[in-house]
Amino acid sequence: LPASICELPDAILSSHFMGRVDELQQIDRAFSASSGDLPARCVIHGMPGVGKTQLALRYAILAAERSKDMYTFWVSAASVEKLARDFSKLVDLCLPGRHALDQATKLTLARAWLEDQTTGKKWLLVLDNVTQET
């Protein structure tokens, strides 16, 4: 897996993952569509067990292979605690030397880093297992 992918989910890409070329192309088109100065967004949704995580993981791997200077972050949104923890890790990875900060400050810094378009950094953020609570 490309080194630029941070915090992969527990289950790596299944050896049984096959095809889904149409879905991968749809995701690619969604990210290619320009929304002015807003970041492109794509939502993969469906019933549990249909392979949403596997599809997102395959897309993340392909995108990282195409763009070596892109950061790819995998954030678990299965609970508010996991969401906050993973966004705090984003700061640890992208803004070295800020490990001692409290979580609220890290969350603010993570948001600011993602919103800052002046850095020229490319990034892909995958929010996995989003619930109504998160």
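**Rings, cores and a pocket**

Guide: The structure, a predicted model, holds four aromatic pairs.

Visitor: Okay, take Y71 and F73. How far is it centre to centre, and what's the angle between the planes?

Guide: Those two rings are stacked, at 5.8 Å centre to centre with 5° between the planes.

Visitor: Why give both a distance and an angle?

Guide: Because a pair of aromatic rings is described by the distance of the centres and the angle of the planes.

Visitor: Fair. Is Y71 buried or exposed?

Guide: Y71 counts as partly exposed, because its relative accessibility is 26%. F73 comes in at 3%, so F73 counts as buried.

Visitor: Which ring does F73 pair with edge-to-face?

Guide: That would be W113. The F73 and W113 rings sit 5.8 Å apart, centre to centre, with 90° between the planes.

Visitor: And where do F73 and W113 lie?

Guide: F73 is in strand β2 and W113 is in helix α4, so their pair ties together parts that are 40 residues apart in sequence. Both F73 and W113 are buried. Put the pairs together and you get a cluster of Y71, F73 and W113, linked by ring pairs.

Visitor: Switching to cores. How many residues are in the largest nonpolar core?

Guide: There are 14 residues in the largest nonpolar core. The ones that touch the most other members are L55, Y59, A63, W74, L124 and V126.

Visitor: Which elements supply at least two residues each?

Guide: α1 (21-32), α2 (52-66), β2 (70-76) and β3 (122-128). Of these, α2 gives the most to this core, with seven residues.

Visitor: Back to L55 for a sec. What does L55 touch, not counting residues up to four places away in sequence?

Guide: L55 touches F17, R20, E23, L24, I27 and I44 on that count.

Visitor: What about a second core, which residues does that include?

Guide: A second, separate core has twelve residues, among them F73, V75, A77 and F87. So F73, the buried ring at 3% relative accessibility, turns up in that second core too.

Visitor: Now pockets. What's the volume of the largest pocket?

Guide: About 1,600 Å³. The lining counts 50 residues, and the closest to the pocket's centre are F31, A40, W123, L124 and L125. L124 is also listed among the core residues that touch the most other members.

Visitor: How does that lining split by class?

Guide: By class, the lining has 26 nonpolar, 13 polar and eleven charged residues. As for elements, α1, α2, α4 and β3 each supply at least two lining residues.

Visitor: α4 again. Where is K106, and is K106 buried or exposed?

Guide: K106 has its place in helix α4, residues 103-115. Its relative accessibility is 8%, so K106 counts as buried.

Visitor: A buried lysine, then. Which residues is K106 in contact with?

Guide: Leaving aside neighbours within four places in sequence, K106 contacts S88, V91, D92, R98, H99 and L101.

Visitor: Last one, A84. Where does A84 lie?

Guide: In helix α3, residues 80-94. A84 is buried, because its relative accessible area is 14% and the cut-off for buried is under 20%.

Visitor: What does A84 touch, beyond residues up to four places away?

Guide: A84 touches Q103 and L107.

Visitor: And how far is A84 from M70?

Guide: A84 and M70 are 14 residues apart in sequence and 22 Å apart in space, C-alpha to C-alpha.

How values were computed
Residues are numbered from 1 along each chain as its sequence is written. This is a predicted model: local features need pLDDT of at least 70, side-chain atom pairs count only at pLDDT 80 or more; totals for chains, interfaces and linings use all residues. Side-chain values use heavy atoms; hydrogens and water are left out. Helices (H or I, at least four residues) and strands (E, at least two) are DSSP runs, numbered from the N terminus. Buried means under 20% relative accessible area, exposed over 50%, partly exposed in between (1.4 Å probe, protein chains only). Contact means heavy atoms within 4.5 Å. A nonpolar core is a set of buried Ala, Val, Leu, Ile, Met, Phe, Trp, Tyr and Cys residues joined through side-chain atoms within 4.5 Å. On a 1 Å grid over the protein atoms alone, a cavity is a set of points where a 1.4 Å probe fits but cannot get out, and a pocket is an open set with protein on both sides within 12 Å along at least five of seven lines; lining residues have an atom within 4 Å of a point. Grid points are joined across faces, edges and corners, and a volume is the space filled by probe spheres set on the points. Ala, Val, Leu, Ile, Met, Phe, Trp, Tyr, Cys and Pro count as nonpolar, Asp, Glu, Lys and Arg as charged, and the others, Gly among them, as polar. Rings of Phe, Tyr and Trp (its six-membered ring) pair if their centres lie within 6.5 Å; planes under 30 degrees apart count as stacked, over 60 as edge-to-face and the rest as tilted.
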